[in-house]
Amino acid sequence: MAPAGNGNPALLARSLGDRRWALHGFKLPAIALELGPVDDFVDKLDALEARVDDAETDGQITAAEFQAIEAEFQPLLAEIGAKAEVGIDVSMPLPTLPVVFKAFDGVMAVHVDLAVSALANVIDGDLELDVADEEILTNSAVYVRSGQFVQVAVDYARDLMPFALGQFDGAVSAGARLKLIQGELSRQIAALDSDDDEDTAFDRAGDNYDLNKDSAFAVGLDVGAGFVAENLALGATLRNLIPAKFDFANIGSNCANRAQETERQDCFAAAEFIARGDAPARDDFTLDPQLFVEASYALADSGVTVFGGLELNKVENIAGNDYQWLSVGVSYVGPWWLPAARAGWRSNLAGSKLDVISVGFNLFNVLSIEAFQSLDSARYDGDKYPRSAGVTIGFGGRF
């Protein structure tokens, strides 16, 4: 995904309190990893390789042996194509940002965020028998889509009027965030079978990043509204009111003029999958509008706050996967010498439908750590691993 929006701009004043300005500390890159449901795929592929090796060791591969292997493992390749994927997201705000300050009868903020996203999956192909070389080949390929984004954003929020909501006396606020985004997108298709004996398909996909990249600049806009009382806060944010669109470079064309033989092979593989309809000749990524609602309630004199949020429609990430998060949680802030704590649960109502739990701590307002992992797991090499996990570490605080 592109850099995060950093919350509802209408609730910006809550991060400032009674101060005239605030400067944030330093955060290490936040890293998140998500896996498809790839249970034991590696073991099954190892079994396929062993079957092929045994058939080749015994001499010439017969048509009957090939048909038996094909019948057993062609469905596996199709399943891998449908489910086997790995995605990674890395994001980081520029150190000390955002800076928040009072201006123009309201509150403003300036922040710069960096983000990198990538997702790799397998496009399944057919098994083929090379009689001359006595080998079983596949025209399957690795498909990698990735993007790098730099976002500069300016927020502005102000209170509009006092307002009473039942027993809660507070104020209604409105805010907006103008986003300037520089994006660089790239995608590659690398054949699993190639003449390159040294580099894997993933190696070549990384090497070909610059060959297939395209850069673009876009302007985005978020708007928000909020209600804040002593113990209650409500908010609604319309993200990407102005959708930001970025194009991927075309692939699978002008293949004969590529400099290296492996580049030509991968290009022809891309052209084949495009012709089959397994990959688009042209592709783009758009930050589509999404409405987000949130609420938090502080239990009087306890330091405990319960909160929740819901994205009311689904949107796609850079890889084309759908996301629509429902989240709930609780936080505690006590005396300065006690760690502040936060725990939550969120569920993707679309796409992968992953359920994720998170915990976080803030010590002396200097060190903050938040980690999450999914309740769903995938099996690899006999062991279970969470299908999604990530961590964020920050130093410093608001000054």
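Colleague: Is Leu76 buried or exposed, and what is its relative accessible area?

Modeller: Buried means under 20% relative accessible area, exposed over 50%, and partly exposed in between (1.4 Å probe, protein chains only). Leu76 has a relative accessible area of 7%, so it is buried. This is a predicted model, in which local features need pLDDT of at least 70 and side-chain atom pairs count only at pLDDT 80 or more, while totals for chains, interfaces and linings use all residues. Residues are numbered from 1 along each chain as its sequence is written, and side-chain values use heavy atoms, with hydrogens and water left out.

Colleague: In which helix is Leu76 found?

Modeller: Helices (H or I, at least four residues) and strands (E, at least two) are DSSP runs, numbered from the N terminus. Leu76 belongs to helix α2, residues 63–83. Its C-alpha atom is separated by 9.2 Å from that of Asp124, 48 residues apart along the chain. The protein has four helices and 25 strands, and 38% of its 399 residues count as buried.

Colleague: Which residues make up the largest nonpolar core?

Modeller: A nonpolar core is a set of buried Ala, Val, Leu, Ile, Met, Phe, Trp, Tyr and Cys residues joined through side-chain atoms within 4.5 Å. Here the largest one has 10 residues: Phe149, Ile181, Leu185, Ala218, Ala244, Phe246, Phe248, Phe285, Leu287 and Ile318. Two or more residues come from each of β10 (168–191), β13 (244–247) and β14 (284–287).

Colleague: With which residues is Ala244 in contact, leaving aside neighbours within four places in sequence?

Modeller: Contact means heavy atoms within 4.5 Å. With those neighbours set aside, Ala244 touches Ile181, Ala218, Val219, Phe285, Thr286 and Leu287.

Colleague: How should one read the aromatic pair of Phe149 and Phe246?

Modeller: A pair of aromatic rings is described by the distance of the centres and the angle of the planes. Rings of Phe, Tyr and Trp (its six-membered ring) pair if their centres lie within 6.5 Å; planes under 30 degrees apart count as stacked, over 60 as edge-to-face and the rest as tilted. The whole structure holds six such pairs. For Phe149 and Phe246 the centres are 5.4 Å apart and the planes at 75°, so this pair is edge-to-face. Phe149 lies in strand β9 (residues 141–165) and Phe246 in strand β13, so the pair ties together parts 97 residues apart in sequence. Both residues are buried, and ring pairs link them with Phe285 into a cluster.
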